[in-house]
2 protein chains.
Amino acid sequence: MNNQSTPYMSRDVDTAAILARTEPVVYDQPGTPPPGAGEALSAAQCERYREHGYLLLPQLFAPEEVALLAEQSALLRARAEAGAPRAAVIAEPGSGALRSIFDVHRDDALFARLVRDPRLLNAARAILGSEVYIHQSRINYKPGFDGKEFFWHSDFETWHTEDGMPAMRALSCSILLTDNDEHNGPLLLMPGSHRHFISCVGATPEQHYKQSLQRQQAGLPDPVLLRYLADLGGIVSCTGKAGSVVLFDCNLMHGSNGNITPYPRSNVFFVYNSVDNQLRAPQGGQPPRPEHIAARRYTGPLRPAPLA
Amino acid sequence: MNNQSTPYMSRDVDTAAILARTEPVVYDQPGTPPPGAGEALSAAQCERYREHGYLLLPQLFAPEEVALLAEQSALLRARAEAGAPRAAVIAEPGSGALRSIFDVHRDDALFARLVRDPRLLNAARAILGSEVYIHQSRINYKPGFDGKEFFWHSDFETWHTEDGMPAMRALSCSILLTDNDEHNGPLLLMPGSHRHFISCVGATPEQHYKQSLQRQQAGLPDPVLLRYLADLGGIVSCTGKAGSVVLFDCNLMHGSNGNITPYPRSNVFFVYNSVDNQLRAPQGGQPPRPEHIAARRYTGPLRPAPLA
């Protein structure tokens, strides 16, 4: 597929449009998932993922594992706050508080193991039906009292346009490090929206990624189409105890409200991409985004290794 | 009570503090509530209000009444948007979209009847144990997609400091004109927080009301004390169908998250104050806030009159 022939034109278009997805959501044809992946999810779980575009796995990680991850995440935060500014560390708009640290699967040994943990890795391999690698990783530190909202978007719209990801054969995986309830700005999803691609009007500003990690300015879906998707499948909050995991399709419409509660909402976020879906050139001759946002330095498929 | 002797010092103080409330919450001693008020709420409802500081009355208004109120509210909105700017009309920060219209109980015949509707008026008289009048009224038009959050605050902290309201003998009444669910930025309350007064540090800026209706800059509770109150009694969302009503104590800590959903969240908001609790001079020699924000032009107690 070259960039001229993509069905998913976005941004360099005159009007917003909605396209029905023709690609698979779950690549579970017999013989497709690689060895060992088959047992990660039940047939019913795969079916739910296929229909709704996401799967919530309550308390997949045990409290002692969560404690370990939270401790390491606090250490990385303290180091980032004490250290020199660097590209992989993103601040909240306004307050300047730490928002995210990217690339933790390459920079930290514990998170490097976490992406290989069979509970996550085999679920990704089962859904994507192939070997996989990490397209992006980060820890999100959503502070209490002043957590900012994040507007609706499809990640794939950005990854396809700005990163040259060819197909919808990628998924996001969010591991909750704190309890998420309906009040503290949990992930909001539109179930079923992954079966539509919304192309967005408006050109991509140069070096858009420098702002878009705080607040997107391009790739914003049309309000009428968003309303259509919300009326169609509703909106759900991904609430759960710490240690729960949400897997969601790269084209699922999602966002989050702000957080005025005293309770922070921290999570780890990995994007698994099929090795058969590696990045090409971004649309429209734009330069590629930095390596910590969109991995191009391919080092082979991930091999399972338990966390602890 | 003169301003020097108030137990509720706030803003002109050096450190945040928390005081136990000594005043009643419900004024239901025998003989206290005025005639006709007694039947508005059950003893169990009064007890819930006393303990938690609020009461949710699901679908108190029938769908045809809600339709009438929503229609009139849309008409007032269209007039306000077409008309010259005026003080009682408040815009959203940033987008400039209409946020609130104040003083609707004086400027509009339907809302003038609504404040007198026995279901609301007698509930207010029953809780406040006296005749009552309106301290403030408004319609809130919380838009979809871009509704802004409103940080935690006690209304009484502001009304006492900026308006000279002597005691905690007032209540707020929110009538839902749209369905409120957990996603579209419903009112968030901290149950039980009305039994504590939090004094806030920081002086009140001149003409603070011009900003505070969009975003408060003074009267912001200390984060440690907010966390204390949230740990103590939790946080609840006031969700409900259109036509539901929330009554809450003037000193209850409340706020709301933003709203990125496509669904607006509109409500009517009345503050009933006891006729025995009329405003005095604001703290610290500040000039009074405008009449549409804090009524000083007293025209006697409200008399019941059904809405339709």
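Me: How many residues does the contact take from chain A and from chain B?
Reply: The model is a predicted one. In it, chain A and chain B bury about 2200 Å² between them. To this contact chain A and chain B contribute, respectively, 26 residues and 26 residues.

Me: What share of the area buried between chain A and chain B lies on carbon and sulfur atoms?
Reply: The size of an interface is often given as the accessible area lost when the parts come together. For chain A and chain B that area is about 2200 Å². The part of it on carbon and sulfur atoms is 62%.

Me: Which three residues supply more than any other three of the area that chain A buries against chain B?
Reply: Three residues of chain A together supply 30% of the area that this chain buries against chain B. They are A:Phe145, A:His183 and A:Ile260.

Me: How many residue pairs are in polar contact across the interface of chain A and chain B?
Reply: The search for salt bridges across this interface finds zero. The search for polar contacts, with both residues at pLDDT 80 or more, does find residue pairs, and their number is 16.

Me: Which element gives the most to the side of chain A that touches chain B?
Reply: The elements of chain A that give two or more residues to this side are strand E6, helix H8 (223-233), strand E10 (236-237) and strand E12 (254-256). The one that gives the most does so with five residues, and it is H8(A).

Me: To which side chain is that of A:Ser237 joined by a polar contact of 2.9 Å?
Reply: A:Ser237 is placed in strand E10 of chain A, and its relative accessibility of 15% makes it count as buried. Leaving out residues up to four places away in sequence, A:Ser237 touches A:Pro186, A:Leu187, A:Leu188, B:Glu182 and B:His183. The side chain joined to that of A:Ser237 by the 2.9 Å polar contact belongs to B:His183.

Me: Is the aromatic pair of A:Phe145 and B:Phe151 stacked, tilted or edge-to-face?
Reply: This pair crosses between chains, from the loop between strands E5 (132-142) and E6 (150-153) of chain A to strand E6 of chain B. B:Phe151 counts as partly exposed, at 24% relative accessibility. The ring centres are 6.1 Å apart and the planes lie at 55 degrees. Stacked pairs have planes under 30 degrees apart and edge-to-face pairs over 60, so this pair is tilted.

Me: Why is the pair of A:Tyr8 and A:Phe156 edge-to-face?
Reply: The whole structure holds 14 aromatic pairs over all chains. In this one the ring centres are 5.3 Å apart, and the pair is edge-to-face because the planes stand at 90 degrees.

Me: How many residues apart are A:Tyr8 and A:Phe156?
Reply: Both A:Tyr8 and A:Phe156 are buried, and ring pairs link them with A:Phe197 into a cluster. A:Tyr8 lies in the segment before strand E1 (17-20) of chain A, while A:Phe156 belongs to helix H6 (residues 155-163). The pair thus joins distant parts of the chain, and the separation is 148 residues.

Me: Over which ring does the charged end of A:Arg138 sit?
Reply: In chain B, B:Arg138 lies over the face of B:Phe269, 4.4 Å from the ring centre. In chain A, the charged end of A:Arg138 is 4.4 Å from the centre of a ring, that of A:Phe269.

Me: How many of the 11 residues of helix H5 (residues 118-128) of chain A are buried?
Reply: The buried residues of H5(A) include A:Leu120, A:Asn122, A:Arg125 and A:Leu128. They pack against helices H1 (43-52) and H4 (109-114) and against strands E5, E7 (170-176), E11 (245-249) and E13 (265-274) of chain A. H5(A) is largely enclosed by the rest of the structure because its buried residues number nine.

Me: What is the phi of A:Asp103?
Reply: Most residues other than glycine have a negative phi, and most peptide bonds are trans. A:Asp103 lies in the loop between strand E4 (98-102) and helix H3 (104-107) of chain A, and at 11% relative accessibility it counts as buried. Its phi is positive although the residue is other than glycine, with a value near 65 degrees.

Methods
Residues numbered from 1 in each chain as written. Chains lettered and ligands numbered in written order. Predicted model: local features only at pLDDT ≥ 70, side-chain atom pairs only at ≥ 80, totals over all residues. Heavy atoms only, no water. Phe/Tyr/Trp six-rings, centres within 6.5 Å; stacked < 30°, edge-to-face > 60°. Helix = DSSP H or I, 4+ residues; strand = E, 2+ residues; numbered from the N terminus. Buried < 20%, exposed > 50% of the residue type's maximum accessible area, 1.4 Å probe, protein only. Lys NZ or Arg CZ within 6 Å of the ring centre and 35° of its normal. Contact = heavy atoms within 4.5 Å. Buried area = accessible area lost by both parts, 1.4 Å probe. Salt bridge = Lys/Arg side-chain N within 4 Å of Asp/Glu carboxyl O. Polar contact = N/O pair within 3.5 Å; in protein donor to acceptor, adjacent residues only side chain to side chain.
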